[in-house]
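Please keep the sequence and the three-dimensional view side by side while reading. The paragraphs below go from the chain as a whole to single helices and residues, and end with the pockets.

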Amino acid sequence: MNAVRIVLAEDQPAMRSALRTILESDGIEVVAEAGDGDAAVRAWTVHRPDVLVMDLRMPGRDGVSATAELAPAGARVLVLTTFDDDGSLFGALRAGAAGFLLKNAPPEEIRRAVRRVAAGEAVLAGDVVARVMQRAASSSLEPPLDDRLTERERDVLWLVARGLTNGEIAARLGVGEATAKTHVSNVIMKLGVRDRVQAAVRAHASGFAAEARPI
């Protein structure tokens with residue numbers, strides 16, 4: 001297995017040290033550290049890591065602003081967040097972050113999230129994303145989804161909005177994982193969004209995710 005290379009952006013040295021220990025114990029290589037958003041941008045530009053693990057609240061330039069600059073350039077950003085940071089988290093969603101990680105998550109969950117984002121997946125921490133999405137859905141709703149999606153694709157989007165992985169979607173729908181992955185790709189393409197995180201944002205912001213669905 002090729003080593004996953006990451007840049008670790010976190011303003012608290014003790015937290016950076018703990019995360020480095022957790023990640024390196026599983027063969028994940030920390031190629032650089034950053035204490036603020038500007039340093040994170042510089043480190044990503046120099047090292048081009050597989051994943052940028054990004055705190056949201058940092059002095060000077062925050063993680064949301066740095067994510068908004070780097071995600072369109074191809075950065076895979078895994079956000080570090082806390083339960084009391086809804087506004088910043090929703091900003092990071094809009095900015096194009098590929099995943100969300102609670103700072104108090106168990107070590108194995110942290111390592112798994114980094115590897116999933118490095119592999120091109122999106123990581124939706126269910127409790128965090130559901131909270132932010134509910135807030136989004138209750139504020140400024142986007143227009144309802146149109147008829148581009150088939151009923152099966154709507155089922156898939158509804159499950160994506162709840163943070164299910166491809167394997168979990170496959171088990172829920174009684175199909176193979178490759179089939180579920182194809183459905184997810186079709187949903188992303190038809191919605192014209194970047195990835196499954198953005199698809200989940202769209203589902204919640206349009207009110208679709210709040211609908212009851214007999215799956």
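What is the mean pLDDT of the protein chain, and what percentage of its residues reach 70 or more? The model is a predicted one, and its mean pLDDT is 87, with 88% of the residues at 70 or more. Confidence varies among the elements of the chain: helix α6, residues 126-137, has the lowest mean pLDDT, 63, whereas strand β1, residues 5-9, has the highest, 97. Any reading of α6 should keep that value of 63 in view.

In its overall make-up, the protein chain has 10 helices and 5 strands. Buried residues account for 51% of its 215 residues. Of the contacts in the chain with a separation of 6 or more, 69% are between residues 24 or more positions apart.

Helix α2, which spans residues 37-47, is a useful place to begin with the elements. At its start, a side-chain oxygen of Asp36 comes to within 3.1 Å of the backbone nitrogen of Asp38, and just after the helix Arg48 takes a positive phi of about 45 degrees. The buried residues of α2 are Gly37, Ala39, Ala40, Val41, Ala43 and Trp44, and what covers them includes the strands β1, β2 (29-34) and β3 (51-55), together with helix α3 (63-70). An α-helix has 3.6 residues a turn, so residues three or four places apart point the same way.

Within this helix, why does Ala43 count as buried? Ala43 is assigned to the buried class because its relative accessible area is 9%, which is under the 20% cut-off. Leaving aside neighbours within four places in sequence, Ala43 is in contact with Val7, Ala32 and Arg48; the last of these is the residue with positive phi just after α2. Ala43 can also be placed relative to Val31, from which it is separated by 12 residues in sequence and by 8.8 Å in space, C-alpha to C-alpha.

Two further buried residues, each in another helix, can be read in a similar way. Asp155 is found in helix α7, residues 151-160, and it counts as buried because its relative accessible area is 14%. Apart from neighbours within four places in sequence, Asp155 is in contact with Leu173, Arg213 and Ile215. His183 belongs to helix α9, and its relative accessibility of 18% is why it too counts as buried, the cut-off being 20%. When residues up to four places away in sequence are set aside, His183 touches Arg152, Glu153 and Val156.

How many of the residues of helix α10 are buried? This helix, which covers residues 196-205, is mostly covered, with 10 of its 10 residues buried; among them are the charged residues Arg196 and Arg202, along with Gln198 and His204. At the start of α10, a side-chain oxygen of Asp195 reaches to within 3.1 Å of the backbone nitrogen of Val197. The helix is followed by Gly207, whose phi is positive, near 90 degrees.

The pockets bring several of these elements together. The largest pocket has a volume of about 280 Å³. Its lining consists of 14 residues, of which Gly120, Glu121, Asn166, Lys181 and Arg196 are the closest to its centre; Arg196 is also one of the buried residues of α10. Helices α8 (166-173) and α9 (177-191) each supply at least two residues of this lining, and the largest share, 5 residues, comes from α9. By class, the lining of the largest pocket has 3 nonpolar, 5 polar and 6 charged residues.

The second largest pocket holds about 220 Å³ of space. It is likewise lined by 14 residues, and those closest to its centre are Glu109, Arg116, Val123, Leu124 and Ala125. The elements that contribute two or more residues to this lining are β5 (99-102) and α5 (107-118), with α5 giving the largest share, 4 residues. The residues lining the second largest pocket divide into 6 nonpolar, 3 polar and 5 charged.

Technical notes:
Residues numbered from 1 in each chain as written. Predicted model: local features only at pLDDT ≥ 70, side-chain atom pairs only at ≥ 80, totals over all residues. Heavy atoms only, no water. 1 Å grid on protein atoms, 1.4 Å probe; cavity = no way out; pocket = protein on both sides within 12 Å on 5 of 7 lines; lining within 4 Å. Points joined across faces, edges and corners; volume = space filled by probe spheres on them. Buried < 20%, exposed > 50% of the residue type's maximum accessible area, 1.4 Å probe, protein only. Polar contact = N/O pair within 3.5 Å; in protein donor to acceptor, adjacent residues only side chain to side chain. pLDDT = per-residue confidence, 0-100. Contact = heavy atoms within 4.5 Å.
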